[in-house]
Amino acid sequence: MRTLLITGPGGSGRSTLAAATAQAAAGTGTRTLLLGADRADTLGAALGVATGPAPARVAEHLTAWRPDATESFRADLTAFQDRATTALELLGAARLDAEELTPLPGAEELTLLRALRDAALSEAYDLLVVDLPPTPQALALLALPEELRRYLRRLLPAERQAARALRPVLGRLAGVPMPSEWLYDTAGRWDVELAAVEAVLADRNTSVRLIAEPGPAGVDAVRAAGLALALRGLRPDVLVANRVLPESVEDTWLAGLGVQQRKTLDEWQGTYDVHHVAHLGHDPRGADDLAALAVPGVNPAGSTVEWPVTDRLAEDGVLVWHIPLPGAIRDDLDLVRRGDELVVTVGRFRRIVPLPSALRRCTVAGAALREGELRIRFAPDPDLWPQGR
């Protein structure tokens, strides 16, 4: 199954174009699921059919689903309380009833990721179109599985589970109780679930699509989104320029806006595969309006980008790690090595990535940003590098 993740700045019309994309795919006979998590039913408004917490058939081959974060959060926390009953009783804590639970920040994102995983693993659909939140929240959402798994590995390393039989002894020696079995089991289950979501996001059949309205605000948003996606090893399959005005308009005000749009489109054209969607003159509502938007089809190529390591030991005595970062500025770039990880910061975006196995036996020998690509040089550490290599 192919997965298409759609995002864009707030107010760019991303939900409407996500609905149009799903409708167009379903019209070709592709079994399509349209997934969204907006509290307001923006997808339903565009489709002309209400969407909700249960998958609903919108048209032939088209299903829409807007999972309920409240119910998911209540079920998870109730189950957690059931497993932690003993610990809660020791602390004298009172259980929370399901009726008094309200979702905490981040619950909607986790609910959407879980729904994405379940839909991707389902064999009921050929295409999954996901209406992601506005770009800043969407970028944080895409980073969430990797970051949470890293936190779990640091806080509850799997190798500690090998000492299960020693925990009572260790607890007496330390003077504090050791983590209970259920805690490790819960962490392991979360890690499996997060790994499944991470696999969907990194799959070659998954594409990311940007929606933006051409103009100064759109330029800034697209530049930031492209850089943040690159830091995650992704690039947009298509940049959809939404609400594009016709080139010849009589109204003076609209003519000025059209000139501004064309200037932006020319700038984007040199970097992205840009597709224009014309302004209908009104907010699209219903199947006929969505069909009139003429959105691009789903690109068979995925959005993942390789970060290759090239062997230049014979020529320069180093290995070079190539990290594409189009749009990055040298002054905004910062690198820190921490053990077997590299902390890459570009402006307000940061990612902690594990080093490829060969580079873990090396020391950093320098880095340079050239033509939108970060090239980090690693020199073999004589104490760790195999002899004779």
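Which element gives the most to the lining of the largest cavity? In this predicted model, the answer is α6, with three residues. The structure holds one cavity of 30 Å³ or more. The space inside the largest cavity comes to about 30 Å³. Its lining is made by T7, T135, L139, L142, V208, L210, A225 and L229. Three elements give two or more residues to this lining: α6 (135-155), β6 (206-212) and α9 (216-231). Six residues of the lining are nonpolar and two are polar. No charged residue takes part in the lining of the largest cavity.

Two of these elements, α6 and α9, also pack against each other. Their axes lie 11 Å apart. The angle between the two helices is about 0°. Angles under 35 degrees count as roughly parallel, and α6 and α9 are therefore roughly parallel to each other. On the α6 side, the contact is made by T135, L139 and L142. On the α9 side, A225, A228 and L229 make the contact. By class, five residues of this contact are nonpolar and one is polar. Charged residues are absent from the contact of α6 with α9. Several names recur from the cavity, where T135, L139, L142, A225 and L229 are among the lining residues.

The helices also meet a sheet. Three strands form this open sheet, in the order β11-β12-β13. The pairing is antiparallel. β11 (333-338) and β13 stand at the edges and have a single partner strand each, so one side of each is left without a neighbour in the sheet. On average, neighbouring strands are turned by 15° against each other, direction ignored. β11 and β12 (residues 341-346) are joined by six bridges. Within this pair, D334 stands opposite T345 of β12. α6 packs on the sheet and touches β11, β12 and β13. The direction of α6 makes about 45° with that of β13. α9 packs on the sheet as well, touching β12 and β13. Here the angle with the direction of β13 is about 15°.

The same helices return in an open site. The second largest pocket has a volume of about 540 Å³. Its lining counts 22 residues. Of these, E146, E147, R350, R351 and I352 lie nearest the centre of the pocket. α6, α9 and β13 (349-354) each supply at least two residues of the lining. The largest share comes from α6, with 11 residues. By class, the lining of the second largest pocket has 12 charged and 10 nonpolar residues. Polar residues are absent from the lining of this pocket. In the largest cavity, by contrast, the lining has two polar and no charged residues.

A separate strand pair was also examined. Strand β3 (residues 56-59) runs antiparallel to strand β4 (residues 62-65). Three bridges join β3 and β4. A56 has A64 of β4 as its bridge partner. Two residues lie between the strands of this hairpin. In the hairpin, H61 takes a positive phi near 70°.

Key. Residues numbered from 1 in each chain as written. Predicted model: local features only at pLDDT ≥ 70, side-chain atom pairs only at ≥ 80, totals over all residues. Heavy atoms only, no water. 1 Å grid on protein atoms, 1.4 Å probe; cavity = no way out; pocket = protein on both sides within 12 Å on 5 of 7 lines; lining within 4 Å. Points joined across faces, edges and corners; volume = space filled by probe spheres on them. Helix = DSSP H or I, 4+ residues; strand = E, 2+ residues; numbered from the N terminus. Nonpolar A, V, L, I, M, F, W, Y, C, P; charged D, E, K, R; others polar. Pairing = 2+ DSSP bridges. Axes fitted to C-alpha atoms, helices over the stretch in contact; angles between N-to-C directions. Contact = heavy atoms within 4.5 Å. Parallel < 35°, antiparallel > 145°, perpendicular 65-115°, else oblique.
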